[in-house]
Amino acid sequence: MTPVILLAAEKKSAEVTDWAARVGWLVGLALFVALVYWLMREGWKWRGTLQGDLPELPSAPDEPGEPKLTMSGRYHGSTTAGQWLDRIVAHGLGTRSLAELTLTDAGLDVVRPGASDFFVPAAQLRGARLDKGIAGKVLTEGGLLVVTWAHGERLIDSGFRSDRAAEHTEWVDTLNEMINKTEGAR
């Protein structure tokens, strides 16, 4: 017999796929992903519990005054001042969202659709700067407006990014000028 005929005679059908093993692996993988997600969620809740000593966030006054600046953009979160990876999650401060900022003589009003709004009274503002990152968000140098403010016994850094990044410098200058006037009046 020729080698071609031998090869043709020895052809076998393909092996049947073991569907039970394949389904078992998929179910195991899905359970593992669910476990990791659950652990991350529990860690987030535990961090909120540890930060339970943070007082309630103030709300905007009924008459905040004439707006000095307004900005629409994104709120990227808050951290302990000077520690850009120590995210604060209590009272919804860890929730990223769209944001509308309004600066008045009374303070900084942060309106967040789908998340808790908050207000930072002018006397609580401590500084503003351009930075490149805050817990979980890293941008180009100067791509993030970071406002430092006092709340209870803590200093907090809150990160914002405007839809028009060119506004950031004006915000830093105006906020720092306002803070210097407020500190001079104390």
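Visitor: Which residue forms a salt bridge with E42?
Guide: Happy to start there. This is a predicted model, where local features need pLDDT of at least 70, side-chain atom pairs count only at pLDDT 80 or more, and totals for chains, interfaces and linings use all residues. Residues are numbered from 1 along each chain as its sequence is written, and side-chain values use heavy atoms, with hydrogens and water left out. A salt bridge here is a side-chain nitrogen of Lys or Arg within 4 Å of a carboxyl oxygen of Asp or Glu, and with closest N and O atoms 3.2 Å apart, the partner of E42 is K45.

Visitor: Which helix holds both E42 and K45?
Guide: Helices are DSSP runs (H or I, at least four residues), as are strands (E, at least two), numbered from the N terminus. The two residues sit 3 apart, about one turn of the helix, and that helix, residues 19-50, is α2.

Visitor: Is E167, the partner of R164, buried or exposed?
Guide: Buried means under 20% relative accessible area, exposed over 50%, and partly exposed in between (1.4 Å probe, protein chains only). R164 is partly exposed at 48%. E167 has a relative accessible area of 16%, so E167 is buried.

Visitor: How far apart in sequence are the parts that K68 and D105 tie together?
Guide: Their side chains meet in a salt bridge at 3.0 Å, N to O. K68 lies in the loop between α2 and β1 and D105 in the loop between β3 and β4, so the pair ties together parts separated in sequence by 37 residues.

Visitor: How many salt bridges does a search of the whole structure find?
Guide: R129, D131 and D157 are linked in a network of salt bridges. For the whole structure, the search finds 5.
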